[in-house]
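Q: I am new to this structure and would like to understand one part of it well, without losing sight of the whole. Please choose a single strand, look at it closely, and then relate it to what lies around it.

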Amino acid sequence: MQANSGALVPQGASAAPASGEYLTFRLGQEEYGIDILKVQEIRSYEQPTRIANAPEFIKGVVNLRGVIVPIVDLRLKLGCATAEYNSFTVVIVLNVKNRVVGAVVDSVSDVLELNRDVIRPAPELSSSAVNTSFIMGIGAVAERMLILIDIEGLMSSADMGLMDAMTTA
């Protein structure tokens with residue numbers, strides 16, 4: 001059995017994600033969706049305690065009812081041009097592989113139920129130019145285009161450094 005790099009669907013696979021409910025949020029001008037079953041809660045942004053030598057996208061940690069939660073700024077992780085903190089900035093608290101992780105986003109929009117027929121496969125792009133391994137597909141709803149993210153795969157990827165090797169086995 002070969003080790004998987006954390007992607008739910010291998011690069012170039014034509015399988016689209018299953019129907020289901022997705023929490024939609026904005027990063028810059030783009031709209032994204034994640035599986036609602038991974039979401040624990042949505043909180044207003046509060047300045048986390050910085051961790052020395054952490055990558056720029058890991059903003060630090062917060063104490064959430066006795067649990068120390070790492071906070072990842074998805075805007076920085078996914079290469080958005082700016083990451084401005086304002087009254088709309090929120091933290092989506094996720095439960096990923098039995099770990100609690102916070103993801104900073106510009107704003108949360110709504111929860112959409114997407115049927116398989118409105119979800120298109122992720123685009124095939126040169127892996128040297130763009131890392132699309134965490135894009136499960138594109139949801140096309142009316143005039144909206146939702147980039148559906150494999151949030152579990154993204155948060156547990158090796159470059160994030162958030163999960164132990166034993167939790168990804």
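A: What follows is a close look at strand β6, residues 90-96, set within the rest of the protein.

The model is a predicted one, and its overall make-up helps to place the strand. The protein contains 2 helices and 11 strands, which follow one another along the sequence in the pattern β-β-β-β-β-α-β-β-β-β-β-β-α. Of its 169 residues, 43% count as buried. Among contacts between residues at least 6 apart in sequence, 57% join residues at least 24 apart.

The strand belongs to an open sheet of 5 strands with mixed pairing, whose order is β3-β6-β7-β5-β4. The edges of this sheet are taken by β3 (39-44) and β4 (58-64); each has a single partner strand, so one side of each is left without a neighbour in the sheet. Direction ignored, neighbouring strands here are turned by 30° against each other on average.

In the order of the sheet, β6 stands between β3 and β7, and each of these two pairings can be described in turn. Strands of a sheet pair through backbone hydrogen bonds, either parallel or antiparallel. With β3, the pairing of β6 is antiparallel and extends over 5 bridges, and within it I42 has I92 as its bridge partner. With β7, residues 99-105, the sense is again antiparallel, this time over 7 bridges, and here V90 is matched with V105. β6 and β7 form a hairpin with 2 residues between the strands, in which K97 takes a positive phi near 50°.

How many of the 7 residues of β6 are buried? The count is 6 of the 7, so β6 is largely enclosed by the rest of the structure. In soluble globular proteins, nonpolar side chains tend to be buried together. In this model the largest nonpolar core has 26 residues, and those that touch the most other members are F25, I34, L74, I92, L94, I151 and M155. At least two residues of this core come from each of β1 (20-27), β2 (30-35), β6, β7, β11 (144-149) and α2 (151-155). The largest share, 4 residues, is supplied by β6. A second, separate core of 9 residues includes V69, V91, V93 and V100.

In a regular strand the side chains alternate between the two faces of the sheet. With that in mind, it is worth setting the residue numbers side by side: I92 and L94 are among the members of the largest core that touch the most others, whereas V91 and V93 are included in the second core.

L94 shows what surrounds the strand in more detail. Leaving aside its neighbours within four places in sequence, L94 is in contact with I34, K38, V39, Q40, R99, V100, V101, A103, I151 and M155. Among these partners, I34, I151 and M155 are themselves listed with L94 among the core residues that touch the most other members.

The largest core also leads towards a second sheet, since β1, β2 and β11 each supply at least two of its residues. These three strands belong to an open sheet of 6 strands in the order β8-β1-β2-β11-β10-β9, again with mixed pairing. Its edges are β8 and β9, each with a single partner strand, so one side of each is left without a neighbour in the sheet. The twist in this sheet averages 35° from one strand to the next. β1 runs antiparallel to β8, joined to it by 6 bridges, one residue match being that of Y22 with L112 in β8.

One residue of the core, F25, deserves a last look. F25 counts as buried at 2% relative accessibility, since buried means under 20%, and Y32 is buried too, with a relative accessible area of 10%. A pair of aromatic rings is described by the distance of the centres and the angle of the planes. The rings of F25 and Y32 have centres 5.7 Å apart and planes at 15°, so the pair is stacked. By contrast, R116, in the loop between β8 (107-114) and β9 (119-121), is partly exposed, with a relative accessible area of 46%.

In short, β6 pairs in the antiparallel sense with β3 and with β7, and supplies the largest share of the largest nonpolar core.

Note on methods:
Residues are numbered from 1 along each chain as its sequence is written. This is a predicted model: local features need pLDDT of at least 70, side-chain atom pairs count only at pLDDT 80 or more; totals for chains, interfaces and linings use all residues. Side-chain values use heavy atoms; hydrogens and water are left out. Two strands pair if DSSP finds at least two bridges between them. Axes are lines fitted to C-alpha atoms, for helices over the stretch in contact, and angles run from 0 to 180 degrees between N-to-C directions. A nonpolar core is a set of buried Ala, Val, Leu, Ile, Met, Phe, Trp, Tyr and Cys residues joined through side-chain atoms within 4.5 Å. Buried means under 20% relative accessible area, exposed over 50%, partly exposed in between (1.4 Å probe, protein chains only). Contact means heavy atoms within 4.5 Å. Rings of Phe, Tyr and Trp (its six-membered ring) pair if their centres lie within 6.5 Å; planes under 30 degrees apart count as stacked, over 60 as edge-to-face and the rest as tilted.
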